Amino acid sequence: MKRRDVIFVLGAAVLLPAITRAQSGRRRMAVGVIRINPRDTNETFAEPFRRDMAQLGWKENENIEYVYAWAGGRNEVLPKLAADMVARKVDVIVTFGPRGVRAAQQATSTIPIIGMADNLAGAGLVQ
């Protein structure tokens with residue numbers, strides 16, 4: 001199994017409770033995605049993620065919406081972007097790298113966070 005497949009399966013497992021809540025309320029599930037890179041620069045996540053979610057039945061603007069935020073390569077804006085996701089009441093936050101995960105953890109203790117980094121445990125971000 002490829003690393004990307006493992007990350008997707010783990011992410012889908014984390015999304016499942018939020019997806020169930022969204023289905024029961026008949027509203028679109030909101031997935032907040034925080035990216036460190038500038039918008040449309042070196043973006044390899046958004047389109048495959050949308051495609052894979054659509055294959056699972058999650059169609060953008062039908063039963064799921066994606067709320068994207070780009071940090072423009074500036075780590076110092078990550079806390080503001082995470083706080084904005086909390087204010088928007090997204091159902092789950094997807095973020096990248098230790099700084100993005102840490103910013104999301106500091107912004108919320110109730111919204112599930114999917115963090116993608118080389119070593120989340122080694123960085124002290126998960127137990």
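Which residues are buried in α2? In the predicted model, the buried positions of this helix include A46, P48 and F49, together with D52 and M53. Viewed along the axis of α2, these buried residues fall within an arc of 170 degrees, and they therefore line one face of the helix. Just after α2, G57 adopts a positive phi of about 100 degrees.

One of the buried residues of α2, F49, also belongs to an aromatic cluster, whose other members are F45, Y66, Y68, W70 and F96. Five aromatic pairs are counted. In one of them, the ring centres of F45 and F96 are 4.9 Å apart and the ring planes stand at 75 degrees; the pair is edge-to-face because angles over 60 degrees are classed in this way. F45 is located in the loop between β1 (29-35) and α2 (46-55), whereas F96 is in strand β3 (residues 92-96), so the contact ties together parts that are 51 residues apart in sequence. F45 has a relative accessible area of 12% and is buried. F96 is likewise buried, with a relative accessible area of 16%.

A second geometry is found for Y68 and W70. Their ring centres lie 5.4 Å apart with the planes at 15 degrees, so this pair is stacked; the limit for that class is under 30 degrees. Y68 is buried, its relative accessible area being 16%. W70, at 21%, is partly exposed, because the buried class is confined to values under 20%. Besides its aromatic partner F45, F96 has a charged neighbour: R35 lies over the face of the F96 ring, at 4.2 Å from the ring centre.

Salt bridges were examined next. The search of the whole structure returns five of them. Within helix α2, the side chains of E47 and R50 meet in a salt bridge with an N to O distance of 3.9 Å. These two residues are three apart in α2, and are therefore separated by about one helical turn. An α-helix has 3.6 residues a turn, so residues three or four places apart point the same way. Both side chains belong to partly exposed residues, E47 with a relative accessibility of 49% and R50 with 25%.

R50 has a further acidic partner in E60, and the N to O distance of this salt bridge is 3.0 Å. The E60 and R50 pair links distant parts of the chain, since E60 is in the loop between α2 and β2 (64-70) and R50 is in helix α2, with their positions 10 residues apart in sequence numbering. E60 is partly exposed, at a relative accessible area of 34%.

Another salt bridge joins R74 and E76, whose closest N and O atoms are 3.2 Å apart. R74 is partly exposed, with a relative accessible area of 44%. E76, at 58%, is exposed, because values over 50% fall in that class. Through shared partners, salt bridges join E47, R50 and E60 into one network.

Helix α2 thus takes part in both sets of contacts. F49, which is buried in α2, is a member of the aromatic cluster, while R50, in helix α2, is paired with E60 in the loop between α2 and β2.

Technical notes:
Residues are numbered from 1 along each chain as its sequence is written. This is a predicted model: local features need pLDDT of at least 70, side-chain atom pairs count only at pLDDT 80 or more; totals for chains, interfaces and linings use all residues. Side-chain values use heavy atoms; hydrogens and water are left out. Rings of Phe, Tyr and Trp (its six-membered ring) pair if their centres lie within 6.5 Å; planes under 30 degrees apart count as stacked, over 60 as edge-to-face and the rest as tilted. Helices (H or I, at least four residues) and strands (E, at least two) are DSSP runs, numbered from the N terminus. Buried means under 20% relative accessible area, exposed over 50%, partly exposed in between (1.4 Å probe, protein chains only). A charge sits over a ring if NZ of Lys or CZ of Arg is within 6 Å of the ring centre and within 35 degrees of the ring normal. The arc is that of the directions from the helix axis to the C-beta atoms. A salt bridge is a side-chain nitrogen of Lys or Arg within 4 Å of a carboxyl oxygen of Asp or Glu.
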